[in-house]
Amino acid sequence: MKLKHICILACSLLLAACGEKELTVTPELNVDKNGIFLAAVDGKSSFEITTNQSWSITSEAEWLSFTPAEGKASEEAIIIMVTAKDNPEKETRSAVIKVQAGELEKSLNASQSAKEVSEPEPEPEPEPEPE
């Protein structure tokens with residue numbers, strides 16, 4: 001009987017030692033572009049991310065918006081649409097877009113072209129007065 005108890009105890013210890021092991025997932029984040037360019041008016045562009053973590057997209061530039069701006073892990077590539085408000089300035093403007101997934105972060109640059117300024121037409125020269 002003692003032998004039976006020893007065997008049961010040994011088996012219990014072995015089973016406990018072989019219990020569930022924690023699966024560790026190596027965080028991954030990939031962004032398909034280093035930068036995007038947007039037109040001065042109706043500026044739209046896109047980029048793709050793949051990640052096995054919950055993610056979010058941010059920028060300090062108030063003139064940029066993202067759809068979607070956050071989400072969950074996916075085995076499929078996620079297409080992020082970037083929309084820029086019209087640029088009223090005569091100079092190109094730029095911003096940094098940050099993609100964060102878990103502890104990982106990647107950045108890409110966004111540039112938006114300047115507002116086109118049309119040159120004023122020169123006034124025609126007055127016709128000489130008849131003599």
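Here a colleague quizzes a modeller about a predicted model and the labels put on it.

Colleague: Let's start broad. What does the secondary structure of the protein come to?

Modeller: One helix and nine strands. Read from the N terminus, the order is α-β-β-β-β-β-β-β-β-β. Buried residues account for 24% of the 131 residues.

Colleague: Why is Leu 38 called buried?

Modeller: Buried means under 20% relative accessible area. Leu 38 has a relative accessible area of 0%, so it gets the label. Leu 38 sits in strand 2. Setting aside neighbours within four places in sequence, Leu 38 is in contact with a long list, including Lys 44, Trp 63, Leu 64, Val 82, Ala 110 and Ser 113.

Colleague: And what makes Ser 45 buried?

Modeller: The cut-off again is under 20%, and Ser 45 comes in at 14% relative accessibility, so Ser 45 counts as buried. Ser 45 belongs to strand 3, residues 43-51. Beyond residues up to four places away in sequence, Ser 45 touches Ile 36, Phe 37, Leu 38, Ile 80, Met 81 and Val 82.

Colleague: What about Ala 39: why is it called partly exposed?

Modeller: Partly exposed is the band between under 20% and over 50%. Ala 39 has a relative accessible area of 38%, so Ala 39 lands in that band. Its place is in the loop between strand 2 (35-38) and strand 3. Once neighbours within four places in sequence are left aside, Ala 39 is in contact with Gln 112 and Ser 113.

Colleague: Asp 42 is in that loop too. Why does Asp 42 count as exposed?

Modeller: Yes, Asp 42 is in the loop between strand 2 and strand 3. Exposed takes over 50%, and Asp 42 has 58% relative accessibility, so exposed is the word.

Colleague: What is the phi of Asp 42?

Modeller: About 55°, a positive value, although Asp 42 is not a glycine. Most residues other than glycine have a negative phi.

Colleague: Where is there a cis peptide bond, and what is its omega?

Modeller: From Thr 67 to Pro 68, with omega near -10°. Most peptide bonds are trans. Pro 68 lies in the loop between strand 5 and strand 6 (70-71), and Thr 67 stands opposite Met 81 in strand 7.

Colleague: On to strands. How do you know that strand 3 and strand 7 pair?

Modeller: Pairing needs at least two bridges between the strands. Strand 3 and strand 7 have eight bridges, in the antiparallel sense. One of the residues with a bridge partner in strand 7 is Gly 43, whose partner is Ala 84.

Colleague: And how do you know that strand 5 and strand 7 pair?

Modeller: By that at-least-two-bridges rule: strand 5 and strand 7 (residues 74-84) pair over four bridges, again antiparallel. Ser 65, for instance, has Thr 83 in strand 7 as its bridge partner.

Colleague: What order do the strands of the open sheet have?

Modeller: The order is 1-3-7-5, four strands with antiparallel pairing.

Colleague: What makes strand 1 and strand 5 edge strands?

Modeller: Strand 1 (29-31) and strand 5 (64-67) each pair on one side only. The twist from one strand to the next averages 25°.

Colleague: Now the core. What makes a set of residues a nonpolar core, and how many residues does the largest one have?

Modeller: A core is made of buried nonpolar residues joined through side-chain atoms within 4.5 Å. The largest has 21 residues, and Leu 38, Phe 47, Ile 57, Leu 64, Ile 80, Val 82 and Ile 97 are those with the most contacts inside it. Strands 2, 3, 4 (55-59), 5, 7, 8 (93-101) and 9 (104-112) each supply at least two residues of this core. In soluble globular proteins, nonpolar side chains tend to be buried together.

Colleague: Which residues does Ile 97 touch?

Modeller: Leaving out residues up to four places away in sequence, they include Ile 36, Phe 47, Ile 57, Leu 64, Phe 66, Val 82, Leu 108 and Ala 110.

Colleague: How far apart in space are the C-alpha atoms of Leu 38 and Thr 92?

Modeller: They are 9.9 Å apart, with the two positions 54 residues apart along the chain. For Ala 39 and Lys 85, the figures are 9.7 Å C-alpha to C-alpha and 46 residues in sequence. Across the protein, 57% of contacts between residues at least 6 apart in sequence join residues at least 24 apart.

Methods
Residues numbered from 1 in each chain as written. Predicted model: local features only at pLDDT ≥ 70, side-chain atom pairs only at ≥ 80, totals over all residues. Heavy atoms only, no water. Buried < 20%, exposed > 50% of the residue type's maximum accessible area, 1.4 Å probe, protein only. Contact = heavy atoms within 4.5 Å. Axes fitted to C-alpha atoms, helices over the stretch in contact; angles between N-to-C directions.
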